[in-house]
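Here is a brief report on one structure. Look at the chains and their strands before reading on.

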Number of protein chains: 2
Amino acid sequence: MDIEKLKKIVGEDNLRDDVAELYIYGSDASVHQTDKAQVVVKPQNTKHVQEVMKYANENMIPVTARGIGSGTSGHAVPIDGGIVLDLKDMDKIIEISPENIICKVEPGVVNDELNRQLQPYGFFFAPTPASGKVCTIGGMIANNASGIRSVKYGATRDSLLGMKVVLANGDLVEFGSNTRVDAAGFQLARLMVGSEGMLGIVVEATLKLTPLPKLRCLAISKFNKLEEAGKTISDVMSSGATPSMLELMDDIAIQSVNKAFNLGLPDVEAVIIFEADGMIEATVDGEIERIIKICEKNNGFGFEMSYDAKRRAEIYEGRKKLFSALSRYREGYVCADLADDMAVPNSQMAATAHAIHEIAKKNNVIMTAYGHCGSGVIHTKILLNPSKKEQWDDARKAVEELYDFVDSVGGITSGEHGIALSKAPSWKKSRMDIIPITREVKKAFDPNNILNPHKLMDAPDDWVTATELRYRVKE
Amino acid sequence: MDIEKLKKIVGEDNLRDDVAELYIYGSDASVHQTDKAQVVVKPQNTKHVQEVMKYANENMIPVTARGIGSGTSGHAVPIDGGIVLDLKDMDKIIEISPENIICKVEPGVVNDELNRQLQPYGFFFAPTPASGKVCTIGGMIANNASGIRSVKYGATRDSLLGMKVVLANGDLVEFGSNTRVDAAGFQLARLMVGSEGMLGIVVEATLKLTPLPKLRCLAISKFNKLEEAGKTISDVMSSGATPSMLELMDDIAIQSVNKAFNLGLPDVEAVIIFEADGMIEATVDGEIERIIKICEKNNGFGFEMSYDAKRRAEIYEGRKKLFSALSRYREGYVCADLADDMAVPNSQMAATAHAIHEIAKKNNVIMTAYGHCGSGVIHTKILLNPSKKEQWDDARKAVEELYDFVDSVGGITSGEHGIALSKAPSWKKSRMDIIPITREVKKAFDPNNILNPHKLMDAPDDWVTATELRYRVKE
């Protein structure tokens, strides 16, 4: 690797190759860790990205693109060494154009910051990931991220109109359009969404703006049985209701956020949290009432309902901080992002929530069921004692059983966090049919296989041993 | 070509190779016509498609997939001869699952028939193409079709969750999922949308169901100036309003439908037709009033507003039949689908409508400006005397000038009808940067280049001479 050459491209200040820095860039929010990264390069503009890619491609050097590193599947873990391409500094909001109902941003722009800037114009960027405070638009595109409002407004792919992309060979191309309909050639912009850093580097994204509703009302319903809460979610969605949020939290999730943040959620087996939005109160009330009726039919009770922005913010914050709350659930245990975002058909919510608990019990780990169930995503986390080797064997078994269940009910391995390393074994097992064409598409974009190689279809077959783990395990 | 072998695959009754039949299959709704098709094959099931593709691939025989043939760009015109794969008979609605908020259909299912079947469940398939009475879901997927409701509900890509695809080599694969979020591998289902029959044959599609609104209210506003109507559309969309329909019709369009169907539309320079939908009247009224205010600000007048289903149906029908109405606009003239569906950024509606009229005048043809302008699509048609060779030269010039204009304001060649043959010269001119990667993607899916070859990036450089024209031209 010609470090001097790279310094010349991005400037000395924008390159790091000291051990401490490389250590940090060896992991993301997944369980994985590697010490293979050779250099971190921080491009400041598109030209930098093009020149770095050209150099890497000519010299067959792996390149792992990275936003803030909040990914939970290991996308940003540079398992093949080479260059880590840190895109955080490319964080300009290039244009906000309400007259064209779009904005143009660089990949390092942070989701919540973008929404702060859009707010005065009466618009927002609709995917609302729980990690919105830190996650970058580039990372959201790479993962087809979604979040609590995806139930009404869709995932990143649904708000993405066009982009500028630096290809593996350094060429700059434009995919997609400035318009909300587009039948002009293959949908390459949509293909880039969810491509996990394996097909190209997005250096500019054209995003669709969604009108901000004037009103949002949040409501909570309690349930004494998890299965009734799950069934309620399925019933709400199949009734044709259009909530702007429809979340499940099981008892473990409830206890965790109460303990960590004093949130005062009810001590029941499950709650569902839902929101309706709109321009006038009658619409919003109508939607909330309609959903409450469905809750009642399924033995929901103890409704709380609030238009108050402060109370809403409290609940959202609690929900968003669930991950850190879970980490404090039991002394000596950590909360590992494993099997954390499967998506299942709407009718399978209750069964999946139930399966999560059963599989956890059977395998000596703690698992919680929660998530954007209205859009099909059931999150879980696995709480385990990371220092014990056998707990990782337990986790491996639990993950495999859970994904087998998800596959058996017509669900998928990942709804919003991507495959990369930790979900690859299960994804490969369930999607044998598309591995060859996935490889061909990768080859079409990246013939030298330098962009985030050995992820997804080419990842190792066991996630536990795919890399070092980000925890100290006693042998 | 081994006709007997093909007969064995699909059955004798499902193969045609007589001249009369081949003539019909030599054209679609575009200006193009060819006599090169050698055989029409009508698969009855997925197995048939797989075997036909396997045979074609092994023998390097071109295959042109076809729905009803209502495409306006020449996708279904078999310019390389070989096999026409008529998918109309694969028209089963496999499953309607309100509990999973999806349906599964074969490619030959007709849009309006699907919506008739969905209606009792309280859902619809949201893209609403004007050709809904005849167009097939397979064709809509191939073109990323949209329509009058795309302004609120998006295009086909936004309602498409998963699919079964027969690849060029006959392999059957599944892309996408049953869920509304999906981060499990590359978005190959979304890539198939808009792939113009060039990447694979969709044999089953999983579609997202959208809740049917309880109420729809239609309104019309008149304008004495086309530009004020255009500006109104831009203003409505950038205001954050969410109409479920927002259509422009210029004077030629108005006169045409009035003349042909006695629709009684006002004799003004332009009207906009808009609709709001919702669950309660207050929401719908609020939306309509909000839009009317914007109309008034731009000198709109003579509002008509109706919840009445009969009057709404009348107007929709008139709008949908505009194409046939335009064909009767002037004796001896035909209405040709050329430059018929460009999409431009929202702020460019007035300027584009104006440009259409200017360019028409300059080039001795008649052009009309209308369309789903709320979602960025401006339709036009070119009315010309098809028997005169110089009129085709006029049309060529008009098309080129119009697309140059569209390109200069950041628009695209096709919003919803695809590129294929008649838009390929302009698409290629404006998208030079992505032709190489488009070819690589095509090669990844279809290494022998048998699926609808010589369309899009590989189409001839002059649409007038690309094929025979579907009209008798005197030399």
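Two strands pair if DSSP finds at least two bridges between them. Strands (E, at least two residues) are DSSP runs, numbered from the N terminus. This is a predicted model: local features need pLDDT of at least 70, side-chain atom pairs count only at pLDDT 80 or more, and totals for chains, interfaces and linings use all residues. Residues are numbered from 1 along each chain as its sequence is written, chains are lettered from A and ligands numbered from 1 in the order in which they are written, and side-chain values use heavy atoms, with hydrogens and water left out.

**Strand β9 of chain B**

Strand β9(B) covers residues 160–166. Six of its seven residues are buried, so the rest of the structure largely encloses it. Buried means under 20% relative accessible area (1.4 Å probe, protein chains only). β9(B) has antiparallel pairings with β11(B) and with β10(B).

| Partner of β9(B) | Residues | Bridges | Opposite residues |
|---|---|---|---|
| β11(B) | 201–208 | six | B:Met163 and B:Ala205 |
| β10(B) | 172–176 | five | B:Val165 and B:Val173 |

The hairpin of β9(B) and β10(B) has five residues between the strands. There, B:Gly170 takes a positive phi near 95°.

**Nonpolar cores**

A nonpolar core is a set of buried Ala, Val, Leu, Ile, Met, Phe, Trp, Tyr and Cys residues joined through side-chain atoms within 4.5 Å. The largest has 212 residues. A:Phe175, A:Phe445, B:Phe175 and B:Phe445 have the most contacts inside it. Contact means heavy atoms within 4.5 Å. Leaving aside neighbours within four places in sequence, B:Phe175 touches residues of both chains, including A:Arg431, A:Ile434, B:Met163, B:Val165 and B:Phe445. Apart from the largest core lies another, of 25 residues, among them A:Val10, A:Met53, A:Ala56 and A:Leu451.

**Symmetry**

How are the two copies related? A turn of 180° and a shift of 0.0 Å along the axis lay chain A on chain B with an RMSD of 0.0 Å. That is the relation of a two-fold axis. The same surface serves both copies, as 100% of the contact residues of chain A recur in chain B. Superposition is by least squares on the C-alpha atoms of residues with pLDDT of at least 70 in both copies.

**Cysteines**

A disulfide is a pair of cysteine sulfur atoms within 2.5 Å. A search of the whole structure finds zero over all chains. For A:Cys103, the nearest cysteine sulfur is that of A:Cys135, 14 Å away. A:Cys103 is buried, with a relative accessible area of 0%. For A:Cys217, the nearest cysteine sulfur belongs to A:Cys295, 13 Å away. A:Cys217 also counts as buried, at 0% relative accessibility.

Note on methods:
Buried means under 20% relative accessible area, exposed over 50%, partly exposed in between (1.4 Å probe, protein chains only). Helices (H or I, at least four residues) and strands (E, at least two) are DSSP runs, numbered from the N terminus.
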